[in-house]
Amino acid sequence: MEYEHILIRYGEMALKGKNMRSFILTLQENLLAKLKEFPQVKIKRTQGRMFILLNGHDPEPIMDICKKVFGIHSLSLAIKVDNDVEQIKEAALYALKKAKDVKTFKVSVKRVNKQFPHGSSEMNQLLGTHLLVNTDDITVDVHHPDVEVKVEIRAEATYITSENVPGAGGLPVGTSGKSLLLLSGGIDSPVAGYLAMKRGVQLEAIHFHSPPYTSERAKQKVLDLTKQLTKYGKSIRVHIVPFTKLQQEIFREMPENYGMTIMRRMMFRIAEAVCQQEGILSLTTGENLGQVASQTMESMHTINEVTNYPIIRPLVAMDKEEVIAISRKIGTYDISILPYEDCCTIFVPKSPKTKPRRDKVNAYEARHDFSESINEAIEGIETIKITSKQQESEFEDLF
Ligand code: ATP
Ligand code: MG
């Protein structure tokens, strides 16, 4: 006897009413895509649950992958047996023995199949006794057991599980539409992207790159961050914008203390153009309130003027420590802290305006025609598709 199933519980998804079917199908698709390298794996849906059939594959690496997939509330290794008391007893004992460091247990029988001849409390008794008799130094604790052996008697079969592992939560990636993530090489924006994905958003990313002031390695860092994000969802396309000329023009033509604000407005303008081209309906940023000079309410108000696309800012209410904790958890922190300059750190004005005003910035921008450089930047975009496995350069001609 061995575990040959993984039982997947959806949690929140079950509440989603008429969308439920498409949510479940997306979750199934996302799981299958992640488990491609395990060719024998099959996924089955039954009322309110999903089962992964391992068909001989080792359960551990598959569990590790599933734990990162959004839309799963919890998962457990499961044994499937016929609706037969002897087989159920044997499986329950196996599940208890497989659990580590167990001193106390509890059996919980759920009889979904009302045709089954024994009631659930009768089965609880029967199985509890069987487990006690066949183990040493393990006792029953109905309130705080180390392990709960769960037995679900369903129409088609009985499933036995012991350990309940928390899933990644959230909603399946792809069920909430697409957003364009403004991805720098910093700590914040990858975390923002992760949190958007957790709410079911499929990401594309845009990065503003200023060679030779920013190096190839700074660009590679952004691609590495993206790759890390694909572990939580599907492949992600990254649009790399050549930003040098526009940045130089801003710092040559505009008052220095407004350079940062105008640069950010240019980023939003170009990002919106990419959204229009790609049919994406929102932007996502790692902006936060009050962290640095450029992130004041006045600054957000002035920068936001150039686009009426919704901007998702998952970090807006978080403390830096919370953001760092997430970035460590999701594996982006160590990449983010690599010391390659990004375009914002290079053209930093000595004293950026912390409270930039819309009327002033509009007056400044009206003095110079940036349209040619903006178009050039958009036309020069290189799009790279990052998958969790390999990285293929598409060099698509997008515009
Ligand atoms: P991060 O840690 O994400 O770099 P930050 O705390 O450094 O953010 P800012 O420099 O004010 O904050 O940037 C705010 C947001 O603007 C970033 O979170 C990111 O979404 C976007 N951004 C900044 N620089 C770039 C860039 N070079 N390419 C794409 N997006 C950028
Ligand atoms: Mg930054």
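1. A first place to look in this predicted model is proline 212, which sits in the loop between strand E11 and helix H6, the helix that covers residues 216–230. The peptide bond that leads from proline 211 into proline 212 is cis, its omega being near 0°.

2. Strand E11, on one side of that loop, runs over residues 202–209 and contains phenylalanine 208. Is phenylalanine 208 buried or exposed? Its relative accessible area is 5%, and because buried means under 20%, phenylalanine 208 counts as buried.

3. Phenylalanine 208 also appears in an unreviewed UniProt entry, which lists Leu182, Leu183, His207, Phe208, Arg264, Gly286 and Gln295 under "binding site". This annotation comes from the record, and it may be inferred rather than shown by experiment.

4. Another residue named in that record is leucine 182, which lies in strand E10, residues 178–182. With a relative accessibility of 11%, leucine 182 is counted as buried. Which residues does leucine 182 contact, once its neighbours within four places in sequence are left aside? They are Ser189, Ile206, Phe208, Met267, Phe268, Ala271, Leu283, Thr284 and Thr285, so that two residues of the record's list, Leu182 and Phe208, are in contact with each other.

5. Two loop residues deserve a check of their backbone angles. Asparagine 55, in the loop between strand E3 (49–53) and helix H2 (59–66), has a phi near 45°, which is a positive value in a residue other than glycine; its relative accessibility of 44% makes asparagine 55 partly exposed. Aspartate 101, in the loop between helix H3 (85–98) and strand E5 (104–111), likewise has a positive phi, near 50°, and is not a glycine. Aspartate 101 is exposed, with a relative accessible area of 75%.

6. In soluble globular proteins, nonpolar side chains tend to be buried together. Here the largest nonpolar core has 46 residues, of which Ile6, Leu31, Ile52 and Val151 touch the most other members. Helix H3 supplies the largest share of this core, namely eight residues. A second core, separate from it, is made up of 34 residues, among them Val241, Cys275, Val361 and Ile381.

7. Isoleucine 52, one of the four residues singled out in the largest core, can be followed in more detail. Not counting residues up to four places away in sequence, isoleucine 52 touches Glu4, His5, Ile6, Ile8, Leu35, Val41, Lys42, Ile43 and Cys66.

Terms used. Residues numbered from 1 in each chain as written. Chains lettered and ligands numbered in written order. Predicted model: local features only at pLDDT ≥ 70, side-chain atom pairs only at ≥ 80, totals over all residues. Heavy atoms only, no water. Helix = DSSP H or I, 4+ residues; strand = E, 2+ residues; numbered from the N terminus. Buried < 20%, exposed > 50% of the residue type's maximum accessible area, 1.4 Å probe, protein only. Contact = heavy atoms within 4.5 Å. Core = buried A, V, L, I, M, F, W, Y, C linked by side-chain atoms within 4.5 Å.
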